[in-house]
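Please look through the sequence and the structure shown here before reading on. The paragraphs that follow go from one part of the chain to another and explain how the parts meet.

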Amino acid sequence: MFVALALLGLLLLVAGLISLIIPLKFIGISSRKKALIPFVIGFAVLGVAGSQLDTEHNQAAQEAGFENLKDFRHAKELGITSPEEYAPIKAKALAEEKAKAEAVAKAKAEKEKEERAKQLVQNTKKAKEAGFASLEEFEAAKKTGFDTADAYAQHLKKEAFFAIPAEQTQFVTAVQNATASFRAAKNELAQGGTRSKRKENVCAVLSSLEVNNWVGQLEQLTSNSDGLGVISIRLADGVTVKTWNNAFSDIGDDTLIDPSSPLFSQVAELSKNQRIRFSGRFFNSDLDCIKEPSISLRGSMTDPEYIMRFYSVETP
């Protein structure tokens, strides 16, 4: 079967080759383009012939009692016809291959160990030269992009300064979850219910009306017509705390910043969009737990701005 297929494939390849030079019109090949047809068929037939040959060899190996064609061929090279006689030779060869692989793996592991040890010495030296107390600190600094101990220490100090209190995180989460619920509500009745639920959750997370060392971004930094300071601080997307922006609304709350106060001097040194830490006091509200002055329900729920009397505003 193999021989017949191989001969057929060769004939087709020869026919294709000849037709590239001389079109064989008598067998239907009238152009060089059509000469590709016998070429393709010839290669396909040779592929089938090769597959047939492998099948025949595998059958021969199995009939001779060998596990696979590879063992059968190796045994033939050694002049062995009995699977039993070949078995110890194969076992020895497998053992040698295993030992060789283990030796290679061991050598590779030893080399990697030596390279790690060298790298450890180099990194320890670099850490010491850069002023770090330990290699671990040096590695942590590298991950955050700092090459010297002084620069990294300043970074850690700044991160500690701007560490967000758990109460602030819980407050922001309560407000943002209410915003999401409002947007997802199917009708105005359901939207109205989200406000009372927000009030409940906000009251639950605030231990008191006073907050200390909360963190945010200075969003507004201006003054009203009387020269009193007006600021707003963004805590997170859609969550803001601020002073009133006019004296009439501020009656009784006293959130506007007096130019003669230490707070005014602190704020005057800052810039818009600057990250700051602040302390202050909210105001009670029967509607929202803490005072939120939006005129519309949508405004209150989608972009709440809570009124605060600020005590201090700080930067590192």
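In this predicted model, the structure holds 1 disulfide. A disulfide is a covalent bond between the sulfur atoms of two cysteines. The two partners here are Cys203 and Cys289, whose sulfur atoms are 2.0 Å apart, and with 125 degrees about the S-S bond their link is right-handed. Because Cys203 lies in helix 8, which covers residues 188-205, and Cys289 in strand 6, made of residues 289-290, the pair ties together parts that are 86 residues apart in sequence. Are the two cysteines buried or exposed? Cys203 has a relative accessible area of 38% and is therefore partly exposed, whereas Cys289, at 8% relative accessibility, counts as buried.

With this link in place, the chain as a whole can be described. The protein chain contains 10 helices and 8 strands, and of its 316 residues 33% count as buried. If one takes the contacts between residues at least 6 apart in sequence, 61% of them join residues at least 24 apart.

Helix 8, the helix that carries Cys203, also packs against another helix. Two packed helices are described by the angle between their axes and the distance between the axes. For helix 7, which runs over residues 166-184, and helix 8, the angle is about 175 degrees and the axes are 9 Å apart. Since angles over 145 degrees count as roughly antiparallel, helix 7 and helix 8 are roughly antiparallel to each other. On the side of helix 7 the contact is made by Glu167, Gln170, Phe171, Ala174, Val175, Ala178, Ser181 and Phe182, while helix 8 contributes Gln191, Thr194, Arg198, Asn201, Val202 and Val205. By character, the residues of this contact between helix 7 and helix 8 divide into 7 nonpolar, 5 polar and 2 charged.

Another helix to consider is helix 6, residues 149-161. How far should its 13 residues span at 1.5 Å a residue? The expected span of helix 6 is 18 Å, because the rise is multiplied by one less than the number of residues, and the end C-alpha atoms are 18 Å apart, which agrees. The buried residues of helix 6 are Ala149, Tyr152 and Phe161, and what covers them includes helix 5 (135-143), strand 4 (275-281) and strand 8 (309-314).

Strand 6, where Cys289 is found, leads on to a loop that holds a buried charged residue. Glu292 is found in this loop, between strand 6 and helix 10 (297-302), and it counts as buried because its relative accessible area is 6%. Leaving aside neighbours within four places in sequence, Glu292 is in contact with Arg195, Ser300, Asp303, Pro304, Glu305 and Tyr306. Glu292 and Thr240 are 52 residues apart in sequence, and their C-alpha atoms are 9.9 Å apart in space.

Asp253 can be read alongside Glu292. It is found in the loop between strand 3 (239-242) and helix 9 (262-268), and with a relative accessible area of 6% Asp253 is buried. Which residues does Asp253 touch, not counting those up to four places away in sequence? They are Trp244, Phe283, Lys291, Ile307 and Arg309.

Helix 9, at the far end of that loop, contains Pro262. At 63% relative accessibility, Pro262 counts as exposed, because the cut-off for exposed residues is over 50%. Pro262 and Tyr311 are 49 residues apart in sequence, yet 9.4 Å apart in space, C-alpha to C-alpha.

Two asparagines remain, and both concern the backbone. Most residues other than glycine have a negative phi, and most peptide bonds are trans. In Asn213, phi has a positive value near 60 degrees; this residue lies in strand 1, residues 210-223, and at 33% relative accessibility Asn213 counts as partly exposed. In Asn273, phi is likewise positive, near 75 degrees, and Asn273 is found in the loop between helix 9 and strand 4.

How values were computed:
Residues numbered from 1 in each chain as written. Predicted model: local features only at pLDDT ≥ 70, side-chain atom pairs only at ≥ 80, totals over all residues. Heavy atoms only, no water. Helix = DSSP H or I, 4+ residues; strand = E, 2+ residues; numbered from the N terminus. Buried < 20%, exposed > 50% of the residue type's maximum accessible area, 1.4 Å probe, protein only. Contact = heavy atoms within 4.5 Å. Disulfide = S-S within 2.5 Å. Axes fitted to C-alpha atoms, helices over the stretch in contact; angles between N-to-C directions. Parallel < 35°, antiparallel > 145°, perpendicular 65-115°, else oblique. Nonpolar A, V, L, I, M, F, W, Y, C, P; charged D, E, K, R; others polar.
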